[in-house]
Amino acid sequence: MTATEAHHSLVTRQLGAGIAAWAQLAHEIGEPGLVAAVEAAGRDVVDALHAGGTLLVAGNGGSAAIASHVAAEFLGKCVHDRHPLPAISLAESHSSLTAIGNDYGFDQVFLRGVQAFGRPGDVLLAMSTSGTSPNVVAALAEARRRGVTTIFMVGAKGAGQADLADHLLVVPSQETPRIQEVHMLWAHAWCEAVDLSMQESG
């Protein structure tokens, strides 16, 4: 087998592995208890935005990209036209992140965003595949002190972190790509629900 053929074989193998993992995950994330937990968190997002609250989103690395994606879809739209909604990715500004990290420490990069923007009636959606990211945990604690509803999306390693948030949503996987894909699935479902509810309410 040539080097090119070997590379192509790896693509085929990994695609197959990803599809197989998703087939298993699709069954597991349909478990009634988990579905009910995701629905409850989503209802809090919808209710907060209908009441004029703000959605704050935070995460590191790939989860930072998801945070920006999620905030953009609430500010813009997911599928259906409706008026823009207040959603802020706390991971968005490189200048803010590096300034806060330099002056106060990286553990505070999201906490200070919550201090600046978080108010009772708002929602903080935090993501960490491990469930232990110090800057995310600090932001969740600050949000709860301020009366902000907290949603924490994690992977299987974070299953013991229920005391950190009002809603702990655990993807039953230890594979970071799969965990992040499910986090995006859940956020998309909520955003589509908001789109439809805003249309129906005029």
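This passage describes the overall fold, the salt bridges, two serine residues and the cysteine pair of a predicted model.

The secondary structure of the protein chain amounts to seven helices and five strands, and these elements follow one another along the sequence in the pattern α-α-β-α-β-α-α-β-α-β-β-α. For a chain of 202 residues, a compact globule would be expected to have a radius of gyration near 17 Å, and the value of 18 Å computed for the protein chain agrees with this expectation. Taken along the principal axes, the box filled by the C-alpha atoms is roughly 60 × 45 × 30 Å. Of the 202 residues in the protein chain, 44% are buried, and the area that the protein chain exposes is about 9800 Å², of which carbon and sulfur atoms supply 57%. Among contacts with a sequence separation of 6 or more, 67% are accounted for by residues 24 or more positions apart.

The structure holds seven salt bridges, including three that are described here with their surroundings. Side chains of opposite charge can pair when their charged atoms come close. In helix α6, which spans residues 134-145, Glu142 and Arg145 lie three residues apart, about one turn of the helix, and the two residues form a salt bridge in which the closest N and O atoms are 2.5 Å apart. The two partners differ in their exposure, since Glu142 is buried with a relative accessible area of 8%, whereas Arg145 counts as exposed at 58% relative accessibility.

Arg178 takes part in two of the salt bridges described here, one with Glu175 and one with Glu181. The side chains of Arg178 and Glu175 meet at an N to O distance of 3.7 Å, which lies within the 4 Å cut-off applied to such pairs. For Glu181 and Arg178, the closest N and O atoms are 2.9 Å apart; because these two residues are three positions apart in helix α7, they are separated by about one helical turn. Salt bridges that share partners also join Glu142, Arg145 and Arg146 into one network. Arg178 itself is buried, with a relative accessible area of 15%, while both of its acidic partners are partly exposed, Glu175 with a relative accessible area of 42% and Glu181 with one of 30%.

Ser173 is located in the loop between strand β5 (167-170) and helix α7 (176-201), and with a relative accessible area of 10% this residue is buried. The side chain of Ser173 reaches the backbone nitrogen of Glu175 at a distance of 3.0 Å, so that Glu175, whose side chain meets that of Arg178 in a salt bridge, is also approached through its backbone by the serine, within the 3.5 Å limit used for polar contacts. When residues up to four places away in sequence are not counted, Ser173 touches Leu25, Gly155, Ala156, Arg178 and Ile179.

A second serine, Ser128, is found in strand β3, which comprises residues 123-128, and counts as buried at 2% relative accessibility. The side chain of Ser128 reaches the backbone nitrogen of Gly131 at 2.9 Å and makes a polar contact, likewise at 2.9 Å, with the side chain of Ser133. Apart from neighbours within four places in sequence, Ser128 is in contact with Ser133, Phe152, Met153, Val154 and Gly155. Gly155 is thus listed among the contacts of Ser128 and among those of Ser173.

With regard to the cysteines, the number of disulfides comes to zero. The cysteine sulfur closest to that of Cys78 belongs to Cys191 and is 4.2 Å away, which is too far for a bond, because a disulfide requires the two sulfur atoms to lie within 2.5 Å. Correspondingly, Cys191 is in no disulfide, and the sulfur nearest to its own is that of Cys78. Both residues are nevertheless withdrawn from the surface in the sense used here, Cys78 being buried with a relative accessible area of 18% and Cys191 being buried with a relative accessible area of 1%.

Methods
Residues numbered from 1 in each chain as written. Predicted model: local features only at pLDDT ≥ 70, side-chain atom pairs only at ≥ 80, totals over all residues. Heavy atoms only, no water. Helix = DSSP H or I, 4+ residues; strand = E, 2+ residues; numbered from the N terminus. Buried < 20%, exposed > 50% of the residue type's maximum accessible area, 1.4 Å probe, protein only. Polar contact = N/O pair within 3.5 Å; in protein donor to acceptor, adjacent residues only side chain to side chain. Contact = heavy atoms within 4.5 Å. Rg over C-alpha atoms; globule rule 2.2 N^0.38 Å. Areas by Shrake-Rupley, 256 points an atom, 1.4 Å probe, with all protein chains shown as cover.
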